[in-house]
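The following exercises concern charged side chains and their surroundings. Please study the sequence and the model before reading each solution.

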Amino acid sequence: MSSPLGRSALIGLAVGATAGLGLIAFVIYREMSRRRSLLSENRYRPTARLINSPDGAAHVPEPQDVHGDEEEEEEDVVEGGGLQLQRGAEVPNGELALLLAQSDILHTGGASLKAEGFRLLLENRAEHQDNREFLWRLARAYADMYESTEDEQVKSRYAQKGREEAEEALQKNGLNADCHKWFAVLTALALEHGSMHSKLKSSHLLKEHLDQALALRDDDPMCYYLLGRWCYEVSSWDWLERKAAAALYRSPPTCTLHDALENFLKAEALSPGFSRTARLYVAKCHKQLGNTSEASSWTRLALEMPTSGHPGDEARKLEAELRLLADRQV
């Protein structure tokens with residue numbers, strides 16, 4: 001048993017880490033506000049170009065309005081902070097970098113911080129909807145919101161909308177590991193609420209994007225966990241599901257429990273304790289393979305971990321099933 005001093009030290013460390021994240025988020029937020037303020041000042045700063053506008057209105061002319069002897073004047077406006085496309089694009093890019101950094105920090109926090117990150121990205125979607133780095137983070141935020149609610153219909157909507165955002169990110173860059181990863185994550189979440197036919201139909205697509213994500217970055221525990229889930233589901237198909245898969249695919253996928261266990265253990269090796277549910281699946285694989293002692297040990301390891309968010313019905317059933325096994329082994 002740990003000493004009181006040890007527990008106090010750990011609590012202090014946790015509080016310090018949380019405060020540090022909050023400070024970083026505040027600094028980023030303040031810098032974003034400063035840049036927005038500068039951008040606003042630049043937008044409305046009077047210049048010779050604005051005063052001499054043909055209609056007398058305060059607006060910045062498009063590049064095609066500039067001809068010949070106005071080129072030197074255009075350069076002066078750019079240097080003075082005007083919103084010319086060529087130079088003004090630097091400010092949004094810097095602001096976007098700060099926005100993405102803040103999103104990453106909020107993603108590591110609790111439910112309220114994740115919700116704040118989701119809101120922040122939604123508010124800025126119109127401005128950055130063509131940026132793949134922004135879009136996959138928005139997809140990730142939808143996955144965060146999925147975990148934050150118990151309502152199955154709301155979960156389904158979050159999963160579907162997040163999948164659409166990830167798909168749009170993929171269309172902008174098919175060589176980005178995070179785009180493939182979050183498309184796979186949201187596809188898996190959407191399938192939790194789909195019919196048997198939709199699950200079978202999307203099975204190949206899910207596996208394809210997991211393989212591509214791991215080909216681009218092979219140290220992601222989430223991808224190995226999802227690959228383990230995919231292998232487990234395929235290995236558990238009954239006769240009817242196998243016949244349906246044979247009708248959908250020329251070469252139906254095949255997997256074994258050993259394949260599933262290998263991927264779950266790989267995820268655990270890359271990030272020990274990264275997922276309570278992953279440990280439960282390790283236990284279930286061992287149980288079905290006849291390794292009762294290993295199954296009980298992994299169940300206890302899983303149950304020692306705190307719950308995160310609101311697990312779905314399947315995860316709750318899995319935990320209840322394995323809890324009985326662990327209790328019998330005590």
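**Exercise 1.** Determine whether E164 is buried or exposed to some degree, and describe its charged partner.

*Solution.* Step 1: E164 has a relative accessible area of 38% and is therefore partly exposed (buried means under 20%, exposed over 50%, partly exposed in between, with a 1.4 Å probe and protein chains only). The model is predicted: local features need pLDDT of at least 70 and side-chain atom pairs pLDDT 80 or more, while totals for chains, interfaces and linings use all residues. Residues are numbered from 1 along each chain as its sequence is written, and side-chain values use heavy atoms, leaving out hydrogens and water.
Step 2: E164 forms a salt bridge with K161, at 3.8 Å from N to O (a side-chain nitrogen of Lys or Arg within 4 Å of a carboxyl oxygen of Asp or Glu).
Step 3: Both residues belong to helix α9 (residues 152–172), three residues apart, about one turn of the helix. Helices are DSSP runs of H or I with at least four residues, numbered from the N terminus.
Step 4: K161 is partly exposed, at 35% relative accessibility.

**Exercise 2.** Which parts of the chain does the salt bridge between D104 and R140 link?

*Solution.* Step 1: The closest N and O atoms of D104 and R140 are 2.8 Å apart.
Step 2: This pair links distant parts of the chain, with D104 in helix α5 and R140 in helix α8, 36 residues apart.
Step 3: D104 is partly exposed at 26%, whereas R140 is buried at 8%.
Step 4: D104 and R140 also join E133 and R137 in a network of salt bridges.

How values were computed. Helices (H or I, at least four residues) and strands (E, at least two) are DSSP runs, numbered from the N terminus.
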